[in-house]
Amino acid sequence: MPALGFGTLIPDKAVTITATTAALEAGFRHFDCAERYGNEREVGNALQAGLAAGAVARKDIFVTTKLWNSNHRPDRVEPAFRASLQRLGLDYLDLYLIHTPFAFQPGDNQDPRDQDGNVLYDHDVTLLDTWKAMESLVDQGKCRAIGLSDITLNELKPVYESARIKPAVVQVESHPYLPETELFGFCKEKGIVFLAFAPLGHGMKPGLLEDPVISAIAARVGKTPAQVLLAWAVQRGTALLTTPKSAARAKENFDISPLPQDALGEINRIQTRQRLNPVVTTGVPGFIPAK
Ligand SMILES: NC(=O)c1ccc[n+]([C@@H]2O[C@H](COP(=O)([O-])OP(=O)(O)OC[C@H]3O[C@@H](n4cnc5c(N)ncnc54)[C@H](OP(=O)(O)O)[C@@H]3O)[C@@H](O)[C@H]2O)c1
């Protein structure tokens, strides 16, 4: 898996196409999608255009998508997977992730709620039931690897222990304000790729892009704060997902180079702790606008 990944959580469909095309042109070869983002078709269009133009071959790109919470029942997993493949216009996936460990009421409503607005969870399916259905997709050769997202170490351990096919990737929020050291350590020990989302702190301001430690390092090494944050993520041994929307930012975010050891140490000593996306506690996405 290329360490530097392009994330497609982009609410606007036209921007999804231009941003994905720009990412491909800038050199990104790892694309992270999700059924829940509602734009797999547009990501697929942009990737298909790149493939048709001969810019890249299918084997050169790494495409991931994710099973949404309302499809956790084992009998819903393969249909959801096939629908994603069809929207993306692909005949196999490199990676399929369970988007969150929370099962919602099964059905086509991605955000099922009761009259008071409370999420309707599905207590009749376990994460392990869903995992077994994911394993059978690998058995059938439909996807090359499977993994989990928005999961805590306590939730990951039992799945890891019981799994016949071990999770290849764990995708969670991570940046210098949320290093997730313990989860990252477990992943390293078990050979699981730790894939960080929001490496730029989701571009929020004030936030990481304006952090004085990051800004000072950027000025010293002649890079932008975004490039410093992305380099830190790669150098600590994680893969990452970033979402530049313009061609200029796609080039900037792809053009990273190693930071000196002292800079890595300074970033590792940042004390601020902040989780930006509460999805890990409820299964309700934090960065996706409500429908
Ligand atoms: N598993 C999950 O539940 C989950 C949750 C969230 C995200 N994800 C995945 O992770 C991906 C990345 O997350 P993210 O969007 O939070 O990533 P991010 O790269 O940390 O944040 C993107 C934001 O940063 C800004 N930005 C990008 N490049 C910049 C640069 N060079 N300088 C200044 N600002 C810059 C963008 O602004 P502009 O819009 O102005 O370009 C955008 O607002 C998502 O697309 C999705 O694939 C997964």
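**Figure 1. The shell around the ligand in the predicted model.** The largest share of this shell comes from helix H9, which supplies three residues. Together with H9, strand E8 is an element that gives two or more residues to the shell. The model shown here and in the views that follow is predicted. In total, 28 residues surround the ligand. Asp32, Asp150, His202, Thr243 and Lys245 are the closest of them. Sorted by class, the shell holds eleven nonpolar, twelve polar and five charged residues.

**Figure 2. Polar contacts between the ligand and the protein.** Three residues are shown, each with an N or O atom close to a ligand oxygen. From the side chain of His202, an N or O atom lies 2.6 Å from an oxygen atom of the ligand. Leu9 takes part through its backbone, with an N or O atom 3.0 Å from a ligand oxygen. Pro199 likewise uses a backbone N or O atom, at 3.4 Å from an oxygen atom of the ligand. The ligand taken alone exposes 920 Å², and the protein buries 88% of that area.

**Figure 3. The largest pocket, which is the space taken by the ligand.** This pocket has a volume of about 750 Å³. Its lining consists of 36 residues, and those closest to the pocket centre are His202, Gly203, Thr242, Thr243 and Lys245. Two or more lining residues come from each of helix H8 (225–235), strand E8 (239–242) and helix H9 (247–254). H9 gives the most, with three residues. The lining divides by class into 17 nonpolar, twelve polar and seven charged residues. His202 is thus among the residues closest to the pocket centre, and its side chain also has an N or O atom 2.6 Å from a ligand oxygen.

**Figure 4. The second largest pocket.** The space in this pocket amounts to about 240 Å³. It is lined by 15 residues. Nearest its centre lie Glu35, Asn71, Ala83, Arg87 and Gln110. Helix H2 (40–52) and helix H3 (74–88) are the elements that give two or more residues to the lining. H3 accounts for the largest share, five residues. By class, three lining residues are nonpolar, six are polar and six are charged.

**Figure 5. The cavity.** The structure holds one cavity of 30 Å³ or more. The largest cavity encloses about 30 Å³ of space. Its lining is made up of Asp150, Val172, Glu173, Glu180, Phe197, Arg275, Asn277, Val279 and Val280. Strand E6 (169–173) and helix H11 (279–282) each supply at least two of these residues. Four of the lining residues are nonpolar, one is polar and four are charged. Asp150, part of this lining, is also one of the residues closest to the ligand.

**Figure 6. Backbone geometry in the loop between strand E7 (193–197) and helix H7 (212–221).** Two residues of this loop are picked out, Ala198 and Pro206. Ala198 has phi near 60 degrees, a positive value in a residue other than glycine. At Pro206, the peptide bond that leads from Lys205 is cis. The omega angle of this bond is near -5 degrees.

Definitions and conventions: Residues are numbered from 1 along each chain as its sequence is written. This is a predicted model: local features need pLDDT of at least 70, side-chain atom pairs count only at pLDDT 80 or more; totals for chains, interfaces and linings use all residues. Side-chain values use heavy atoms; hydrogens and water are left out. On a 1 Å grid over the protein atoms alone, a cavity is a set of points where a 1.4 Å probe fits but cannot get out, and a pocket is an open set with protein on both sides within 12 Å along at least five of seven lines; lining residues have an atom within 4 Å of a point. Grid points are joined across faces, edges and corners, and a volume is the space filled by probe spheres set on the points. Helices (H or I, at least four residues) and strands (E, at least two) are DSSP runs, numbered from the N terminus. Ala, Val, Leu, Ile, Met, Phe, Trp, Tyr, Cys and Pro count as nonpolar, Asp, Glu, Lys and Arg as charged, and the others, Gly among them, as polar. A residue is near a molecule or strand if one of its heavy atoms lies within 4 Å of it. A polar contact is a pair of N or O atoms within 3.5 Å; within protein, one must be able to donate a hydrogen and the other to accept it, and residues adjacent in sequence count only if both atoms are side-chain atoms. Accessible areas come from the Shrake-Rupley method with a 1.4 Å probe; for residues, only the protein chains shown count as cover. A molecule sits in a cavity or pocket if more than half of its atoms lie within 2 Å of its grid points.
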